[in-house]
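Subject: Structure for you to look at

Hello,

Here is the structure I said I would pass on. Please open it first, then read the notes below alongside it.

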Amino acid sequence: MKPRDFDLPDADVAWCPGCGNLSILRSLKATLAELEIQPENLVFVSGIGQAGKLPHYIKGNVFNGLHGRSLSPATAIKAANPDLIVIDVSGDGCMYGEGGNHFMHTIRRNPDITNLVHNNMVYGLTKGQASPTSQRDFNTPLQVDGVFLEPFNPLAVAIALDASFVARAFSGDRKQSIEIFKAAINHKGYALVDIFQPCVSFNKVNTRDWFREHTYYLEDDHDPQDRNLAFQRATETGEYPLGIFYQNPDKSTFEENLTVYRDEKTPLYQRKLDKDKLRALVESKR
């Protein structure tokens, strides 16, 4: 397959020229082509924000829902049809701010979905307010004296909650991003990929050059199954590591733990309602 197999010729892309989202979109198309995933088997789920528009620009099935609430329908879609590839796309505000509670409890459930979070450290759609990952002293039209809170650390939180796959990418590094995306999609269980990306219009501090100067890749001998080490690396500041921090291949997924799949693997959407069994179940609970 080719990346152009995921093009939508009539898509009216609303992102600014030079936006990091454009690189992420190209890398994701290349990833899906390399994995030979058919668009009809894909479901993109998103909430609100500039990142949430990505599913509108790529061929596949789409569910676009409420701000910060995309992970719940993504989990439900995967539970109803485990054969689908489900990719949740969100931004740092949508996922770590409004969706923070959903973020934590989805990690606990461990559905077999991939969660791509575009992290530009600012609310871009609403024109530049501080987001949960904005750094200290970041000035905005709302935070005129600068941000005085510590930035939210999604990787450290995810590893602390034993998320089964935790990684960080940089949108400007397409080759490395594609490899990380492939590993995340192939991973069985919840996979978080926090993606550093510049917002060229509303974040003049954390630019493409800033990310290049303040990031480096984890060493080749980094052990992603060492949870304590992964947490330690995730808390590094000043210069931020990129790559796969942590991976736990032994956790069962949300779908595997559902009673309905214990003896019968047929996806829920293919099953027919047995009214007699339903009636008996209701009566048994009276």
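**Notes on the sheet and its surroundings**

Strand 1 (residues 42-46) runs parallel to strand 3 (residues 85-91), and five bridges join the pair. Within this pairing, Phe44 has Ile87 of strand 3 as its bridge partner. Please keep in mind that this is a predicted model.

Both strands can be placed in the sheet order. The sheet is open, has eight strands in the order 2-1-3-4-6-5-8-7, and its pairing is mixed. Its edges are strand 2 (61-64) and strand 7 (215-217), each of which pairs on one side only. On average, neighbouring strands in this sheet are turned by 25° against each other, with direction ignored.

I spent most of my time on strand 5 (residues 165-170). How many of its six residues are buried? Six of the six are, so strand 5 is largely enclosed by the rest of the structure; buried here means under 20% relative accessible area. In a regular strand, side chains alternate between the two faces of the sheet. In strand 5, Phe165, Ala167 and Ala169 point one way, while Val166, Arg168 and Phe170 point the other way. The buried residues on these two sides thus include an arginine, Arg168.

Strand 5 has a neighbour on either side in the order given above. With strand 6 (residues 191-196) it runs parallel, joined by six bridges, and Ala169 stands opposite Ile195 of strand 6. With strand 8 (residues 240-247) it runs antiparallel, joined by four bridges, and here Phe165 stands opposite Gln247.

What links up with strand 5 and strand 6 to make a right-handed β-α-β unit? Helix 6 (residues 174-186) does. Helix 6 lies across strand 3, strand 4 (114-119), strand 5, strand 6, strand 7 and strand 8, and runs at about 160° to strand 5.

One more residue to look up is Lys251, in the loop between strand 8 and helix 9 (254-257). Its side chain reaches the backbone oxygen of Asp162 at 2.7 Å. Leaving aside residues up to four places away in sequence, Lys251 touches Ile107, Asn110, Leu161, Asp162, Ser164 and Lys188.

Regards

Key: Residues are numbered from 1 along each chain as its sequence is written. This is a predicted model: local features need pLDDT of at least 70, side-chain atom pairs count only at pLDDT 80 or more; totals for chains, interfaces and linings use all residues. Side-chain values use heavy atoms; hydrogens and water are left out. Buried means under 20% relative accessible area, exposed over 50%, partly exposed in between (1.4 Å probe, protein chains only). Two strands pair if DSSP finds at least two bridges between them. A crossover is right-handed if, with the strands pointing away from the viewer, the path from the first strand over the helix to the second runs clockwise. A polar contact is a pair of N or O atoms within 3.5 Å; within protein, one must be able to donate a hydrogen and the other to accept it, and residues adjacent in sequence count only if both atoms are side-chain atoms. Contact means heavy atoms within 4.5 Å. Axes are lines fitted to C-alpha atoms, for helices over the stretch in contact, and angles run from 0 to 180 degrees between N-to-C directions.
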